[in-house]
Amino acid sequence: MSNRVVCREASHAGSWYTASGSQLNAQLEGWLSQAQSANGPARAIIAPHAGYTYCGACAAHAYKQVDPSITRRVFILGPSHHVPLSRCALSPAEIYRTPLYDLRIDQKVYADLWKTGMFERMSLQTDEDEHSIEMHLPYTAKAMESHKDNFSIVPVLVGALSESKEQEYGKLLSKYLADPSNLFVISSDFCHWGQRFRYTYYDEAQGEIYRSIENLDKMGMGIIEQLDPISFSNYLKKYHNTICGRHPIGVLLNAVAELKKNGVDMNFSFLNYAQSSQCRNWQDSSVSYAAGALIVH
């Protein structure tokens, strides 16, 4: 009897984004056509993971920086929303389905990561319940479509890591970040503001609530652009901004810090910022989205 290939279904298709491949393709093309290419291919991007009606346009600014001709592996680091996890976890699947085409998990890299003893194995149920990685699969498929048979993906579910664990995972993944044939996708939304998120920080000096949120987010984005993991940790401790992908971002910043020690010259810049709606009173709520790219010189 042959072993059945384990597939992760596109569980959020039909709700968070369209399940129609042709419709999805047209939407992604539309958003990408509105975004500009910045300077040089991205080695890593930060992009949001909300429903595409909210953040599809924002995410395009990050995916526009991907060069499919050099990319052979796409690492996707997403935060865990539903299961308590203090480490990072790997998927039990071999194939991730999308309405565009199926993506293959890189079993060789997975075996290498597994050997470190630093990873847990998530269940297929946990994998399919989680949206933080899945929301990057259609965009990854679209960005890579011209080389769709020549690349694989490395999905990593990132738990609520301590600063020292962020450093350990950053160190471990830095050797992959050093390789120009790898792309890192860091999945994160920015501020979740409102009573339903139990976060209502407001600096009246900024004017309307949505301006205070933007100022807070852009302060954090500026700190990420400095590529200093300690400053980012301090910012989170001070303001408690509800950046859901703070741990994946922390891992990236620590991987970058490791490469900088070895003299690699890099810079990160944010290319787009958006909010799901503009908060003006205490009953309102919104989620912020930011897209940016790390360029290695």
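The bend at a residue is the angle between two axes, one fitted to the seven residues ending there and the other to the seven starting there. I begin with that definition since my opening topic is a bent helix. Please keep in mind throughout that the model is a predicted one.

The helix in question is H6, which runs over residues 163–177. H6 carries a kink of about 30 degrees, and the kink is centred on Lys 171. How far does H6 reach from its first C-alpha to its last? The helix has 15 residues and reaches 19 Å, close to the 21 Å expected at 1.5 Å a residue.

Which residues of H6 are buried? On the N-terminal side of the kink centre they are Glu 166, Tyr 169 and Gly 170. Beyond Lys 171, the buried residues are Leu 172, Leu 173, Ser 174, Tyr 176 and Leu 177.

I turn now to the packing of this helix. Two packed helices are described by the angle between their axes and by the distance between those axes. For H6 and helix H9, the latter comprising residues 246–261, the angle is about 60 degrees and the axes are 7 Å apart. Angles of 65 to 115 degrees would count as roughly perpendicular, so H6 and H9 are classed as oblique to each other. Their crossing is right-handed.

Next, the loop that leads into H9. His 240 is located between helix H8, residues 229–239, and H9. Its phi is near 55 degrees, which is a positive value in a residue other than glycine. Is His 240 buried or exposed? With a relative accessible area of 55%, His 240 is exposed, the cut-off being over 50%.

Arg 198 offers a second case of positive phi in a residue other than glycine, again with a value near 55 degrees. Arg 198 belongs to the loop that joins strand E10, residues 192–193, to helix H7, residues 209–225. The relative accessible area of Arg 198 is 77%, and this residue is exposed.

Finally, I come to a sheet. Three strands form an open sheet in the order E1-E5-E6, and the pairing is mixed. Why do two of these strands have a side without a neighbour in the sheet? E1, at 7–8, and E6, at 103–104, stand at the edges with a single partner strand each, so one side of each is left free of a neighbour there. Between E1 and E5, the latter covering residues 95–96, the pairing is parallel and involves two bridges. Within this part of the sheet, Arg 8 stands opposite Tyr 96 of E5.

Terms used. Residues are numbered from 1 along each chain as its sequence is written. This is a predicted model: local features need pLDDT of at least 70, side-chain atom pairs count only at pLDDT 80 or more; totals for chains, interfaces and linings use all residues. Side-chain values use heavy atoms; hydrogens and water are left out. Two strands pair if DSSP finds at least two bridges between them. Helices (H or I, at least four residues) and strands (E, at least two) are DSSP runs, numbered from the N terminus. The expected span of a helix is 1.5 Å times one less than its number of residues. Buried means under 20% relative accessible area, exposed over 50%, partly exposed in between (1.4 Å probe, protein chains only). Axes are lines fitted to C-alpha atoms, for helices over the stretch in contact, and angles run from 0 to 180 degrees between N-to-C directions. Angles under 35 degrees count as roughly parallel, over 145 as roughly antiparallel, 65 to 115 as roughly perpendicular and the rest as oblique. A crossing is left-handed if the near helix is turned anticlockwise from the far one by less than a right angle, and right-handed if clockwise.
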